[in-house]
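Colleague: Mind if I quiz you on how you label things in this one? I'd like the reasoning as well as the labels.
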Amino acid sequence: MSRTVMVMDTVATIECYGDNAKEACDKAISEIQRIELLFSPWIETSEIYKINKTAHLSPVKTDPEVFKVLERCIEVSEITGGAFDITLKPLKDVWNMKSESPKVPSKEEIDEALSICGYENLVLKDGCVSFKKEGMALDLGGAVKGYAADRAAEVIKKAGVKNALIDIGGNVYALGESPKKREWKIGLQHPAKDRGEYFETIELSDKTCVTSGSYERYFEQDGKVYHHIMDPKTGYSADSGLVSVSVVGKSSFEADMASTAAFVMGQEKFLEVKDDFDIETFIAVDKTNNWKRY
């Protein structure tokens, strides 16, 4: 049984095999949609939307599940020296990468946005969230798809299905075995080639693989390419020398955050903090399209 839906501004596909496959698929899709309704910064009934609207005025009591996710996000920000940061929505808004004709913002716009970003200005206390600065806003785009993949995997297992594949916009979680009775084979997209052309394949069973790359969403202006993964220190597209990072582990939530952080930091700096993540390995591709597994 396979189902595909648009969710979290991307395509999610669930494949389940064996008894209860339909039930497991349906429940997994429902769980991913539930996560979106909690964490979307655009849905007016979501917890994140409510926080973004009023947390600068007074502490906002939030859902315990959301609070727990936010706590780990802040821990990761501290571990990575701010390379991973969920407070970058004002910066992402001025870049407006989702528009049909994006352009480079002025330095003044970038500096103004950066002045109200920064995980150190986010306060989590007693189940409440507050902002130190007016105009702050959260966007968990670098974490919530991974979290949703983890939750979908748990729902599928509880439904009694052992073999399944979850793909939420490239965040892949492979459960059990493929229909060929072996580990799932996952292709890693070659950054410089057409969709579906891989530089490497990996095998997964009860593990996840998450990729962050500069080739997914970008535009060119005055001969220079700008992509959607922002460096919180500069306010511009991250330029660590990498074009793709793939992270493998048992937690898609951890792998999602790690892939973003590694892309921003570069492989050498990320290796210094790798053990602070619940991940197993990562594969980095540099601008010459050479790759290395760590």
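What follows is a chat about cysteines, burial and salt bridges.

Modeller: Sure, just keep in mind that this is a predicted model.

Colleague: How many disulfides does a search of the whole structure find?

Modeller: Zero, across the whole structure.

Colleague: Why is C16 not bonded to C25?

Modeller: The closest cysteine sulfur to that of C16 is the one in C25, and it sits 3.8 Å away. A disulfide needs the two sulfurs within 2.5 Å, so 3.8 Å is too far for a bond.

Colleague: What about C117, where is its nearest cysteine sulfur?

Modeller: In C73, 15 Å away, and C117 is in no disulfide.

Colleague: Are C16 and C117 buried or exposed, and how do you know?

Modeller: Buried means under 20% relative accessible area. C16 comes in at 1%, so it counts as buried, and C117 has 6%, so it is buried too.

Colleague: On to charges. What makes E31 and R34 a salt bridge?

Modeller: Their side chains meet at 2.9 Å, N to O. The cut-off is 4 Å between a Lys or Arg side-chain nitrogen and an Asp or Glu carboxyl oxygen, so the pair qualifies.

Colleague: And why are E31 and R34 about one helical turn apart?

Modeller: Because they are three residues apart in helix α1, residues 21–39. E31 is buried at 9%, whereas R34, at 31%, counts as partly exposed. They also belong to a network of salt bridges that links E31, R34, E65 and R151.

Colleague: How do you know that D139 and K92 count as a salt bridge?

Modeller: The closest N and O atoms are 3.8 Å apart, and the limit is 4 Å, so the pair is in. D139 lies in the loop between β5 (128–131) and α6 (144–158), and K92 in helix α4 (residues 89–95), so the contact ties together parts 47 residues apart in sequence. D139 is buried, with 11%, while K92 is partly exposed at 30%.

Colleague: What does the salt bridge between E280 and K207 tie together?

Modeller: The N to O distance there is 3.0 Å. E280 is in the loop between α8 (267–271) and β14 (281–286), and K207 is in strand β10 (residues 207–213), so parts 73 residues apart in sequence are tied together.

Colleague: Why is E280 called partly exposed?

Modeller: Its relative accessible area is 36%, and partly exposed covers what falls between 20% and 50%, so the label fits. K207, with 24%, is partly exposed as well.

Colleague: How many salt bridges does the count come to?

Modeller: By this rule, 19.

Note on methods: Residues numbered from 1 in each chain as written. Predicted model: local features only at pLDDT ≥ 70, side-chain atom pairs only at ≥ 80, totals over all residues. Heavy atoms only, no water. Buried < 20%, exposed > 50% of the residue type's maximum accessible area, 1.4 Å probe, protein only. Helix = DSSP H or I, 4+ residues; strand = E, 2+ residues; numbered from the N terminus.
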